[in-house]
Amino acid sequence: MSPEIADLLRREGPLPLARVMAIAADHYYATREPFGVAGDFVTAPEISQMFGELIGLWLADLWLRAGSPAPVILAELGPGRGTLMADALRAIGRAAPALRAALSVHFIEKSPRLRTLQAKAVPEAAWHDDLSTLPTDAPLLLVANEFLDALPLTQFERVEDGWVMRRVELTSRGPRWDRSVGANLAFLPAEIRDSPPGSVHERNFGAEQVAAAVARRLAAQGGAALFIDYGYSGPATGDTLQALKGGRFADALETLGEADISAHVDFAAIARAAAAHARVFGPQPQGPFLQAIGLDDRAEALKRLASLERRAEIEAARVRLCAAGAMGRLFQVLGIVGRDWPVPAGFPTLQA
């Protein structure tokens, strides 16, 4: 645990998990290099250029079928090192040069250190602390890959006397859960309220608010959004809070501020929040989605121009992105489009 968070818990604890997660994430991303083989985790854009390229082609296809409106706002939530956007822009420039000329790039990123890295990958980008300052005078194309999972989480636990809200406190033996505050049952789905003691239910109110805010923008200004993350479709019980440090799982409370902390995303809750304002498609597992928009063909095209060693690397990346035992089933994809925009590629036509 970082000294800053330990001092905060000593002064003000116990504190709600969501507040502690927010402070821990800000400290972590401001002080560490989390991405890549030298960091704590590897995201899909870092695995292969194919991921970002296919996202770019997905956006270009939808824009063309929407009538090629111009200008266009292209935004990314939590852009990491800018790798996904750089790959997407390269693919867009080749497949739809008119879109490349019409768009302006915007990153939603608070970390000054990460902004510096992103500027090296995409020098033309403009930066925002949150969605509120994004331009509203043009259609919005938005991507969020592994963004929702890191937003502050609220956990409820069933104890003998009912449901409580989990808080974090620091004791002489280290951090532990405080269970002294009762939960508001309005936040708990009826399906899980009778769960046995020890059950944990998670709500990511921040993620639901982001999805709703994006959907409202799409309803007002047109466009589409793509959310990609690891998760499930609830309502459900289970503690999915996790921390990664040095590429290995670590104790989430013991490493606050020193490790990547996240939780699985309830895509059913995200879909409900967005569907009140815009059309929602999915969630669809990442593997079938990427294959539907051309992953296998792109891999074969790259392999035709590569050495034997590089061919093996491309195939390994393809499998890692789409295999059910790797990222293909755990990661889910949710599409949101303005009500007069076409059905996006890669999804069954049935809406969520």
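1. Start with one pair of residues. Glutamate 76 has valine 143 of strand β5 as its bridge partner. This bridge belongs to a wider pairing: strand β2 (residues 72-77) and β5 run parallel, joined by five bridges. Keep in mind that the model is predicted.

2. Now look at the other pairing of β5. Strand β10 (residues 223-232) is joined to β5 by six bridges, and these two strands run parallel. One partnership to find on screen is leucine 140 with glycine 223 of β10.

3. Is β5 buried or exposed? Six of the six residues in β5 (residues 140-145) are buried, so the strand is largely enclosed by the rest of the structure. The cut-off for buried is under 20% relative accessible area. Check both faces of the strand. Leu140, Leu142 and Ala144 lie on one side, and they are buried. Leu141, Val143 and Asn145 lie on the other side, and they are buried too. Both faces of β5 are therefore covered.

4. Move on to strand β6 (residues 154-159). Five of its six residues are buried, so β6 is also largely enclosed by the rest of the structure.

5. Which strands pair with β6? One is strand β9 (residues 200-203), which pairs with β6 in the antiparallel sense over four bridges. Here glutamine 155 has glutamate 202 of β9 as its bridge partner. Another is strand β7 (residues 162-171), again antiparallel and again over four bridges. In this pairing, phenylalanine 156 stands opposite methionine 165 of β7. The link from β6 to β7 is a hairpin of two residues.

6. Next, the helices. Two packed helices are described by the angle between their axes and the distance between the axes. For helix α4 (residues 49-65) and helix α11 (residues 295-304), the angle is about 125° and the axes are 10 Å apart. How should that angle be named? Angles of 65 to 115 degrees count as roughly perpendicular, and those over 145 as roughly antiparallel. The pair α4 and α11 is therefore oblique. The crossing of α4 past α11 is right-handed.

7. Which residues make the contact between α4 and α11? From α4 come Gln49, Met50, Glu53 and Leu54. From α11 come Leu295, Arg298, Ala299 and Leu302. Sorted by class, this contact has five nonpolar residues, one polar residue and two charged residues.

Technical notes:
Residues numbered from 1 in each chain as written. Predicted model: local features only at pLDDT ≥ 70, side-chain atom pairs only at ≥ 80, totals over all residues. Heavy atoms only, no water. Axes fitted to C-alpha atoms, helices over the stretch in contact; angles between N-to-C directions. Parallel < 35°, antiparallel > 145°, perpendicular 65-115°, else oblique. Left-handed = near helix turned anticlockwise from the far one by under 90°. Contact = heavy atoms within 4.5 Å. Nonpolar A, V, L, I, M, F, W, Y, C, P; charged D, E, K, R; others polar. Buried < 20%, exposed > 50% of the residue type's maximum accessible area, 1.4 Å probe, protein only. Pairing = 2+ DSSP bridges.
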